[in-house]
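Hi everyone, thanks for making the time. I'd like to walk you through one small set of results today, so please have a look at the screen.

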Amino acid sequence: MLDTILKIAGMIVSAIGTIVKAIDLVDRFRHQKSNRTDKS
């Protein structure tokens, strides 16, 4: 039971970490795009 809870918790934590990384990449990409358009 505890092992299953720990496995699920680990999956949730890794999923959140992946989502945060994805959002960070999208945010950086958006900033790069806006910066390029501002310069040109």
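Before the first number, a word on the term: accessible areas here come from the Shrake-Rupley method with a 1.4 Å probe. And please keep in mind that this is a predicted model.

With that in hand, the accessible surface of the protein comes to about 3,900 Å², and carbon and sulfur atoms account for 68% of that area. How many of the 40 residues count as buried, as a percentage? The answer is 0%. As for secondary structure, the protein has one helix and zero strands. That helix, α1, covers residues 2-39.

Now to the charged side chains. A search of the whole structure turns up two salt bridges.

Let's take Asp 3 and Lys 7 to begin with. Their side chains meet in a salt bridge, at 3.7 Å from N to O. Both residues sit in helix α1, four residues apart, which is about one turn of the helix. Are these two buried or exposed? Asp 3 counts as partly exposed because its relative accessibility is 47%, while Lys 7, with a relative accessible area of 55%, is exposed.

Then there is Arg 28, which forms a salt bridge with Asp 24. Here the closest N and O atoms are 2.9 Å apart. Arg 28 and Asp 24 are four residues apart in helix α1, so about one helical turn separates them. Asp 24 has a relative accessible area of 37%, so it is partly exposed.

Let's turn to the nonpolar side of the story. Which residues make the nonpolar surface patch? They are Ile 8, Ile 12, Ile 16 and Val 20, and the patch measures about 360 Å². Ile 12, one of its members, is found in helix α1. At 45% relative accessibility, Ile 12 is partly exposed.

That's my tour; happy to take questions.

How values were computed:
Residues are numbered from 1 along each chain as its sequence is written. This is a predicted model: local features need pLDDT of at least 70, side-chain atom pairs count only at pLDDT 80 or more; totals for chains, interfaces and linings use all residues. Side-chain values use heavy atoms; hydrogens and water are left out. Helices (H or I, at least four residues) and strands (E, at least two) are DSSP runs, numbered from the N terminus. Buried means under 20% relative accessible area, exposed over 50%, partly exposed in between (1.4 Å probe, protein chains only). A salt bridge is a side-chain nitrogen of Lys or Arg within 4 Å of a carboxyl oxygen of Asp or Glu. Patches are made of residues with over 30% relative accessible area and no salt bridge: like charges are joined within 9 Å, nonpolar side chains (Val, Leu, Ile, Met, Phe, Trp, Tyr) within 5 Å.
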